[in-house]
Amino acid sequence: MDDQDRTPLKRTPLFALHDRHGGKMVPFAGYDMPVQYGSGVLKEHLHTRSEAGLFDVSHMGQLYLHGEGVAAALETLVPGEIHGLAPGRMRYTQFTNDSGGILDDLMVTKSGDSLFLVINAACKEADIAHMQENLPQHIGMEILDDAALIALQGPAAAVVLERFAPGVAAMKFMSSAAMTVNGVECIVSRCGYTGEDGYEISVEVRDAPSLAEALLAAPEVMPVGLGARDSLRLEAGLCLYGHDLDTTTTPVEADLLWSISKRRRQDGGFPGDAIIQQQIAEGTTRKRIGLLPEGRAPAREGTEIVDREGKQIGVVTSGGFGPSVGGPISMGYVTGDSAAVGTAVSLMVRGKALPAQVASTPFVPQRYYRG
Amino acid sequence: MSDIRYTEDHEWVRIDGDTATVGITDYAQEQLGDIVFIDLPEIGAALAQGDDAAVVESVKAASDIYAPITGEIEEVNDTLEGEPGRINEDAEGEGWFFRLSVSDTAELDNLMDEEAYQAFVKKL
């Protein structure tokens, strides 16, 4: 936070648009970003679940890796199955460190002979340095400093985007293609961070404002800020780096084992592989879980989780109010023997022990497009 | 005759006889954003000016609400527990939090009147 006070905040190519639409700007990962617009977090959240929301996620890092054996090269830094990615398909994975901890989480798309990566804003400089240091010399990196990233999320996203880019409605979930949207060249990926169907559109900076305005002019679409982006992803059970994931949590502890293929579990070959393989075989001492408080009080990040005898068993890493759930929801880490769904725990909120249950995530059904 | 005063923490307090009604200002609800939870004090609680009295949580964060005047809680607006959004809709009316029975209204002298509060908010 300190360096944010000293360094001027960066602006995304959609800064003027945020202002025009009444965005309430806050510092986030070094950028001046809209936390909400005039309608507020609740309405923006619910609108995304019922129709469609447009999010500026241009602060995230976008880059290409290319060169012979690029998939095998990236696999030395991530536990995800990159080699097996079919052209135009994408995957979620993590950069791990030598103790199996997570340096960042990212999306990797196979695009021709290259890989297209989307990384977190707060981690992008460190990720780029990490790759430059550890990937073979012949692997080239092209950082897309001149590209914005616009997310269109919600059940109406496909019907809206189809008007601007015929064919997108038929795209598979977790696939990506270069195509013309509203007359400009874009990379369209069917993915997102809300639990809904939707797209992320990578577009050149100069074309980004007009594309965003064109999408916002659709009656189904409302601009949505970071506040609702956070409550949407929390309801969808998705992790936020720096909160639910960090260098001290492994993908196994974080319940992200689904993102590591059988081959990679067996063969390893990524930083921290021995530790991660041992955790797969023997289990972990703590695990990421969902939590449903019984009352109305939200239990936010940092809240102590205690067992019903009052002994601390973990901590909340994300928590707040779930507008679609209609009540408080949290996620956090607890010791392995308290991680079963239905386990009764208490959350220490303002000195009071509030009863809660370990719950399965997502808190709302995921509604990804399944064709 | 009623007199409304404001604190620097954005509570308002209205005196009617020996009862003080307390809530948060429209400016405060606007800053907080959508309010999703309120923790109101117990009836009968004796509070001194500046004591923690209630907690409101918006989609963004939790905020403490302080007693703007010394008194004893005689009524709370418990409809807010089921409909905390009322605070956003009408912070300075139907969204009142609690009523205190007060004996010493001299404490109000160190609070702002409406004009002073509006000037205070403008500088924020």
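This is a short talk on two interfaces, one inside chain A and one between chain A and chain B.

Hi everyone, and thanks for coming. Please keep in mind that we are looking at a predicted model.

Let's begin inside chain A. The assignment splits chain A into domain 1, made of 2–59 + 145–235, and domain 2, which covers 285–359. If you take the C-alpha atoms and find the centre of each domain, those centres in chain A lie 31 Å apart.

So how do these domains touch? On the domain 1 side of chain A, 8 residues are in contact, and they meet 10 residues of domain 2 of chain A. Together, domain 1 and domain 2 of chain A bury about 700 Å², with 70% of that on carbon and sulfur atoms. How many salt bridges are there between domain 1 and domain 2 of chain A? The count is 0. Polar contacts do turn up: 5 residue pairs across the interface of domain 1 and domain 2 of chain A, both partners at pLDDT 80 or more.

If you'd like to find the domain 1 side on screen, look for helix 3 (40–50) and helix 8 (226–235) of chain A, since each supplies at least two of the residues that touch domain 2. By residue class, that side of domain 1 of chain A has 3 nonpolar, 2 polar and 3 charged residues.

Now let's turn to the partner chain. Here 14 residues of chain A are in contact with 14 residues of chain B. Chain A and chain B bury about 1200 Å² between them, and 50% of it is on carbon and sulfur atoms. Which three residues supply the most of the area that chain A buries against chain B? They are K24(A), R300(A) and R350(A), and they account for 42% of it.

One of those names comes back when we look at charges. The interface of chain A and chain B has 3 salt bridges. Among the salt bridges, the side chain of R350(A) pairs with that of E57(B), at 2.9 Å from N to O. There are also 9 residue pairs in polar contact between chain A and chain B, again both at pLDDT 80 or more.

Where on chain A do these residues sit? Strand 2 (31–36) and helix 3 of chain A each give at least two residues to the side that touches chain B. Helix 3 of chain A has the largest share of that side, with 4 residues. Overall, the side of chain A facing chain B divides into 6 nonpolar, 2 polar and 6 charged residues.

To close, let me point you back to helix 3 of chain A: it supplies residues to the domain 1 side that touches domain 2, and also to the side of chain A that touches chain B. Thanks, and I'm happy to take questions!

Methods: Residues are numbered from 1 along each chain as its sequence is written. Chains are lettered from A and ligands numbered from 1 in the order in which they are written. Side-chain values use heavy atoms; hydrogens and water are left out. Domain bounds come from an automatic or database domain assignment. Contact means heavy atoms within 4.5 Å. Buried area is the accessible area (1.4 Å probe) that two parts lose on being put together, summed over both. A salt bridge is a side-chain nitrogen of Lys or Arg within 4 Å of a carboxyl oxygen of Asp or Glu. A polar contact is a pair of N or O atoms within 3.5 Å; within protein, one must be able to donate a hydrogen and the other to accept it, and residues adjacent in sequence count only if both atoms are side-chain atoms. Ala, Val, Leu, Ile, Met, Phe, Trp, Tyr, Cys and Pro count as nonpolar, Asp, Glu, Lys and Arg as charged, and the others, Gly among them, as polar.
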